[in-house]
Structures are given as structure tokens and as C-alpha cells.
Amino acid sequence: MDSDSLRLIEKKIMREEPLSKEDGIKLFTSKDLLGVGELANAVRERLHRDDTYFVVNRHINPTNLCVNRCRFCAFFRKGGEEDAYALTIEEILERGREAQLQGAKELHIVGGLHPSWPYSFYLDIVRELKKAFPEIHVKAYTAVEIDHLSSISGKRVEEVLEELKEAGLDSMPGGGAEVFSMRVRRVLCPKKTPPDRWLQIHAAAHDLGIPTNATMLYGHIETIEERVDHLIALRELEEKHPGFLAFVSLAFHPENTGIELEGVYGTTGRDDLVTIAVARLIMHNMPHIKSYWIMLGEKIAQTALWFGSDDLEGTVVDERITHAAGATSPKGLSKERILKVIRDAKRVPVERDALYNEVKRYE
Ligand code: V47
């Protein structure tokens, strides 16, 4: 991209005008990574100054059994394998107790679509966690799980969401969006909740007062144009049904997946940084942009704090989805380590709760 194009885009950004699809493609394909990063950083600093958020949290994956069997996923098991598992409520509560002892403010609960768990079990997980740990925020179930619950219960999505909310659900994570391109999905995840349904479920959650996150899985077989379409679709949803808290770009990890052998190698540092920067620039109405250190590695996640990101996600403790696919990052980080990463980036660490209320500022 020549510097004139970058200046034109900069003018739009300064006027807080939404960028076009062409702008997005130009930014993604620009040779001027630092120029794009500088623009994204200006937006990040306008919204959050030097503040860099993180949450003490714990990820819990209740089961790896899944009927969807997406080709990009190394986490799912069909059943009968040695490492197939399905936790009991007591085992889930045990993990909740560990999280409570560590001062967690949030439980992040996402699992496979279990072939035989009834609808009531998913409600029980939320209800029992809330009963045992009323002070901890329960962020649970992707739109794909909500869709599954609607189909096994015969209830409308709105009803499922209302019942989950009643049981103690506080917010929803952003997984399962992948890339909103039917071309990609026909190849990678034909059985998965389609894009319009994913968007409809998040809109319904927002309308019911359940905040959610959004994601995009990139670095597999999608095109730049498909990425830009995805980001614009999220921006438009937020315009019509506000309720997103944060966007998380998910860097594809190919090991042990169905597409490992087809010349897909995973993302590069430039791609990770430009994706975060363009996400920040296209979705001017997205409150927060996470750099998910689990998938990016600590160093790129830290650098991304100067490319549009204002949030390092959390301590996580026991990540399984990316580690099944060859992630080399640790499965969790201590609070002290996260503080060091943010301070060394010359930013100000702000411990937050799940809704981005300040818990403690580390000046
Ligand atoms: O939905 C699956 C993706 C997601 C692979 O909302 C893979 O705060 C990379 O959504 N390589 C789960 N990614 C993770 C997720 C998430 C994580 C952290 C915070 C939040 C949030 C959400 O991981 C899945 C899928 O899109 N995924 N397989 C893989 N091989």
C-alpha cells in the first residue's frame, strides 16, 4: 500500500468513520507493517491509553467428546479413545474450587458437543458452579453449544439463553465463529453452526443482556478477503445489537489436525500482528482487542500490545484446545508473569473482572 492510501485510511480513522472492505484488504496486504500498527495503536491509545487488561481466570473444558468433528480441531475425540473424557459435576466443581483459591474472577467454560449429555446437564454445570462460587463470573458455552442445546431440547435459542441466565450464566465466550465463509466451512467444518446462526445467537444474547466475545480463526485456508468480511460482519452485529466485550484473533495451530498434512503451517509473526491491527481498525466499535498469549506465544502477544491490542486474556491455568494442536506456550501463566510481560512492554497492567471493571491497577 502506498503512503497516500495509508493517509486516506488514517483520515477516516481520525474521523471515526467505518473502514471499507477495500481499506481492510489494503491494510492486510500492506508492506508497511509499522505504519498499520501505528494507526491501530492510535485507536488503542484513544480508547485505553496505556491500560492493559488481564483477568485471573480458569478455563474448564467439561468434555472433549464432540459430534461436530471439525477438521481444524485436534481437541475432539469420537469416544472410546484412551484420552476421551467427560467430567462429572463434582470434577468441574473441583476445578472451580482451585480457581477460587487462586482468586479467579472468571470461569471460562467451553467443551465439545457431547453425544449423550442431556440439556439439563449443561444447565446443572452453570447452576452448581454459581451456587458454589457465587462471586465468580461464569462465562460459558459458545454459540455452537447454544445451537446444540436448542436442537437437543427443542427450545428456541432465546429460551435456552434465558434458562442459562436464570441458572447463573453471566456471559458467553466468542469461540465457534471460525471464519464466516461458507467456502471455508464446507471444507473445514460442514456440520458446524453456520455463520448467520452464530451471529443470530450472539444478537439474541446481547438483546437479553448477556455480553459476549467474538473470535476469528485465521491462518488456515481462508483468504484475506474472507477475513475482512468476517470482521465487517462482527462490526455490523455490534452496531445493530451492541453487547460485545472483546474480540480474540485465534492463530491456527495445525499439529494433529485434519489439515496438518496439506501444506498449512500455522501463522507467522507478521500475520499475527497485522491481523490484530486490522481487527482494531475495522471494528472501531469493538471495546477490547485481546492478544491471546496461549495461541500467539508470550512474545508476539506482548508486541501486539503496540499493534492495537489492550488485553492479554488471563492466567487460563489449564488450556487444552490449542495444546492438543501443538501449542508451545505454557498452559497457564502466573499473575506475576503477566504483570512482567505488560510492564516490560512499557504499558500499565490493570487487573480486571470479566466485565472489564478494574480490580487493581499496577502503576
Ligand atoms: O472455537 C480450534 C479454536 C476456539 C484450533 O471468548 C483452534 O474470551 C487454533 O474461542 N488452532 C476456542 N485454534 C478458543 C476460544 C477462546 C479462547 C480464549 C478466550 C476466548 C474468549 C475464546 O479455538 C474454538 C476454535 O475456533 N480452535 N482448534 C486450532 N487447531
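Over which ring does the charged end of R352 sit? I looked this up to open my notebook, and the ring is that of Y356, with its centre 4.0 Å from the charged end of R352. A reminder to myself before going on: this is a predicted model.

**Entry: charges over rings**

I then turned to R347. Its charged end sits over the ring of W306, 3.5 Å from the ring centre.

**Entry: aromatic pairs**

How many aromatic pairs does the structure hold? I found six. I took F54 and Y362 to start with, and noted a tilted pair, 6.4 Å centre to centre with 40° between the planes. This pair links distant parts of the chain, as its two members are 308 residues apart. I located F54 in strand β1 (residues 51-55), and Y362 in the segment after β10 (358-361).

Are these two rings on buried or exposed residues? F54 has a relative accessibility of 0%, so I put it down as buried. Y362 has 11%, and it counts as buried because the cut-off is under 20%.

Next I looked at W117 and Y122. Their ring centres are 5.8 Å apart and their planes stand at 80°, so I wrote the pair down as edge-to-face. W117 is buried at a relative accessible area of 12%, and Y122 is buried at 2%. I also saw that W117 and Y122 belong to one aromatic cluster together with F121 and Y141.

**Entry: helices α4 and α5**

F121 came up again when I moved on to helix packing, as one of the α5 residues that meet α4. A note for myself on the description: two packed helices are described by the angle between their axes and the distance between the axes. For α4 (residues 89-101) and α5 (residues 119-132), I read that the axes come within 10 Å and cross at roughly 35°. The crossing of α4 and α5 is right-handed.

Which residues of α4 meet α5? I listed I89, I92, L93 and Q100 on the α4 side. On the α5 side I listed F121, D124, I125, E128, L129 and A132. Sorting the residues of this contact by character, I got seven nonpolar, one polar and two charged.

**Entry: helix α6**

Helix α5 turned up once more, as part of what covers the buried residues of α6. That cover also includes α7 (157-167) and α9 (195-207). I checked how much of α6 (residues 143-153) is hidden: eight of its eleven residues are buried, and the helix is mostly covered. The buried residues are A143, V144, E145, I146, D147, H148, L149 and S150. Just after α6, I came to G154, which takes a positive phi of about 70°.

**Entry: positive phi outside glycine**

G154 made me look for positive phi in other kinds of residue. In general, most residues other than glycine have a negative phi. I noted E16, which is not a glycine and yet has a positive phi of about 55°. E16 is placed in the loop between α1 (3-14) and α2 (21-29).

I noted V316 as well, a residue other than glycine with a positive phi near 65°. V316 lies in the loop between β8 (311-314) and α13 (321-324). Its relative accessibility is 0%, so V316 counts as buried.

**Entry: the surroundings of Y292**

V316 is among the residues in contact with Y292, once neighbours within four places in sequence are left aside. With that same exclusion, the others I listed for Y292 are H59, V248, L250, E313 and E319. Where is Y292 found? I placed Y292 in the loop between β7 (288-290) and α12 (293-303). Y292 is buried, with a relative accessible area of 6%. I also looked up its separation from E162, which is 130 residues away along the chain: the two C-alpha atoms are 29 Å apart.

**Entry: T275**

My last stop was T275, in helix α11 (residues 269-282). T275 has a relative accessibility of 0% and therefore counts as buried. Which residues does T275 touch, not counting those up to four places away in sequence? I wrote down F28, M216, Y218, R227 and S249. I also looked at T275 and L27, which are 248 residues apart in sequence, and read a C-alpha to C-alpha distance of 9.3 Å.

Note on methods
Residues numbered from 1 in each chain as written. Predicted model: local features only at pLDDT ≥ 70, side-chain atom pairs only at ≥ 80, totals over all residues. Heavy atoms only, no water. Phe/Tyr/Trp six-rings, centres within 6.5 Å; stacked < 30°, edge-to-face > 60°. Helix = DSSP H or I, 4+ residues; strand = E, 2+ residues; numbered from the N terminus. Buried < 20%, exposed > 50% of the residue type's maximum accessible area, 1.4 Å probe, protein only. Lys NZ or Arg CZ within 6 Å of the ring centre and 35° of its normal. Axes fitted to C-alpha atoms, helices over the stretch in contact; angles between N-to-C directions. Left-handed = near helix turned anticlockwise from the far one by under 90°. Contact = heavy atoms within 4.5 Å. Nonpolar A, V, L, I, M, F, W, Y, C, P; charged D, E, K, R; others polar.
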